[in-house]
Amino acid sequence: MSSGYTDYTVGAVREVIEAAYPPELAESWDQVGLICGDPQAAVSTVAFALDCTQAVAERAVEIGAQMLVVHHPLLLRGVHSVAADTPKGRVLHTLITGGVALMAAHTNADSARPGVNDRLAELVGIVPGRPLKPTEGYRGPLEEATGLGRVGRLEPPMRLRDFVQRVADALPVTEWGVRAAGDPEAMVRTVAVSSGAGDGFLDAARELGVDAYVTSDLRHHPVDEHLRAGGPAVIDTAHWASEFPWTGQAARIVRQATGLNTEVIDIRTDPWTISAHPRG
């Protein structure tokens, strides 16, 4: 393909995305790939976002994008209608009438190298090493394996309270910030990360003997039981904050491969808008 903008189609951009984030790396329950749009349609601008909300769809149309690449699939679970008076239907009608194709790279982007988890690891200050859950059937060096989550060393080590602040400073701002469980004075030398909802990997983090585990969407009982079982400190971020930085990585991959115009839609799609603590 040449570097001219008009030489690229939705299908060609899809090939670039799938080369970087192979669909076969997606979890069995996931739904990744092209959601709507004509693979033969010409593309000059590709937009990137974490979620395809109505506001994001409208922004993609507004900036003149012909394709929108997101992390979270719009149609992850089955629907029986995409009528324009339903929430998902309205999003799809906005995109289709605006000439914008929609594609999702979800758990395939989580497992790929580099992927969502590598970007999160870099932001919190570790070199991304082995996955928490290597891809089934992988036969190469574990430090280079694809899979969910990443583990690495923190240099220099620091107290948990300081590491929590580093995480808060590194990730995009959300109303409820970052919370943690563990001894604030404990030293952190090794860190595991898992972008998005990661309480399913609490046992893996404990078994690997890391000092802290950074993830999102943690719940009371799993964390309580994890700590009582001798697990590492846990740092709970907003789901959106742990994954949104990936959009810049994906945009760079497409821009370098195609020369197309790429734009990250920086609308904060984290749903929480207020946090409060008692006065005094």
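The legends below accompany an overall view and several close-up views of a predicted model.

**View 1. The whole protein chain, with its ten helices and twelve strands**. The radius of gyration of the protein chain is 20 Å, close to the 19 Å that the globule rule gives for 280 residues, so the chain is as compact as a globular protein of that length. Along the principal axes, the C-alpha atoms fill a box of roughly 55 × 50 × 35 Å. Buried residues make up 49% of the 280 residues, and the protein chain exposes about 13300 Å², of which carbon and sulfur atoms supply 51%. Of the contacts with a separation of 6 or more, 67% are between residues 24 or more positions apart. The chain carries 24 positive and 35 negative charges, and the mean positions of these two sets are 4 Å apart.

**View 2. The aromatic pair of Trp240 and Phe244**. A pair of aromatic rings is described by the distance of the centres and the angle of the planes. A search of the whole structure finds two aromatic pairs, and the one formed by Trp240 and Phe244 is stacked, with 4.9 Å from centre to centre and 25° between the planes. Trp240 has a relative accessible area of 7% and is therefore buried, the cut-off being under 20%. Phe244, with a relative accessible area of 13%, is buried as well.

**View 3. Thr247 in helix H10**. Helix H10 spans residues 246–258 and includes Thr247, which counts as buried at 1% relative accessibility. When its neighbours within four places in sequence are left aside, Thr247 is in contact with Phe48, Ala49, Leu50 and Val264.

**View 4. Helix H5 and the buried Asp118**. Helix H5, residues 116–124, is mostly covered, for seven of its nine residues are buried; among them are Val116, Asn117, Leu120 and Val124. Asp118 also lies in this helix and is buried, with a relative accessible area of 4%. Leaving aside the neighbours within four places in sequence, the contacts of Asp118 are with Ala112, Arg113, Pro128 and Arg150. The C-alpha atoms of Asp118 and Leu148 are separated by 9.9 Å, although these residues are 30 residues apart along the chain. Just after H5, Gly125 takes a positive phi of about 105°.

**View 5. Two cis peptide bonds, at Pro114** **and at Pro156**. Most residues other than glycine have a negative phi, and most peptide bonds are trans. The peptide bond from Arg113 to Pro114 is cis, with omega near -10°, and Pro114 has its place in the loop between helix H4 (107–111) and H5. The bond from Glu155 to Pro156 is likewise cis, with omega near -5°; Pro156, however, is placed in strand E7, which comprises residues 150–159.

**View 6. Asp217 and its positive phi**. Asp217 is a residue other than glycine whose phi is positive, near 60°. Asp217 lies in the loop that runs between strand E10 (212–216) and helix H8 (220–228), where its relative accessible area of 35% makes it partly exposed.

**View 7. Gly98 in the loop between helix H3 and strand E4**. The loop that holds Gly98 follows helix H3 (87–97) and leads to strand E4 (101–104). With a relative accessible area of 32%, Gly98 is partly exposed. Gly98 and Ala57 are 41 residues apart in sequence, and their C-alpha atoms are 9.1 Å apart in space.

**View 8. Trp29 in the loop between helix H1 and strand E1**. Trp29 is found between helix H1 (10–20) and strand E1 (33–36), and its relative accessible area of 47% makes this residue partly exposed. Apart from its neighbours within four places in sequence, Trp29 is in contact with Leu76, His106 and Thr107. For Trp29 and Met158, which are 129 residues apart along the chain, the separation of the C-alpha atoms is 38 Å.

Notes. Residues numbered from 1 in each chain as written. Predicted model: local features only at pLDDT ≥ 70, side-chain atom pairs only at ≥ 80, totals over all residues. Heavy atoms only, no water. Helix = DSSP H or I, 4+ residues; strand = E, 2+ residues; numbered from the N terminus. Rg over C-alpha atoms; globule rule 2.2 N^0.38 Å. Buried < 20%, exposed > 50% of the residue type's maximum accessible area, 1.4 Å probe, protein only. Contact = heavy atoms within 4.5 Å. Areas by Shrake-Rupley, 256 points an atom, 1.4 Å probe, with all protein chains shown as cover. Lys, Arg positive; Asp, Glu negative; His and termini not counted. Charge placed at Lys NZ, Arg CZ, Asp CG, Glu CD. Phe/Tyr/Trp six-rings, centres within 6.5 Å; stacked < 30°, edge-to-face > 60°.
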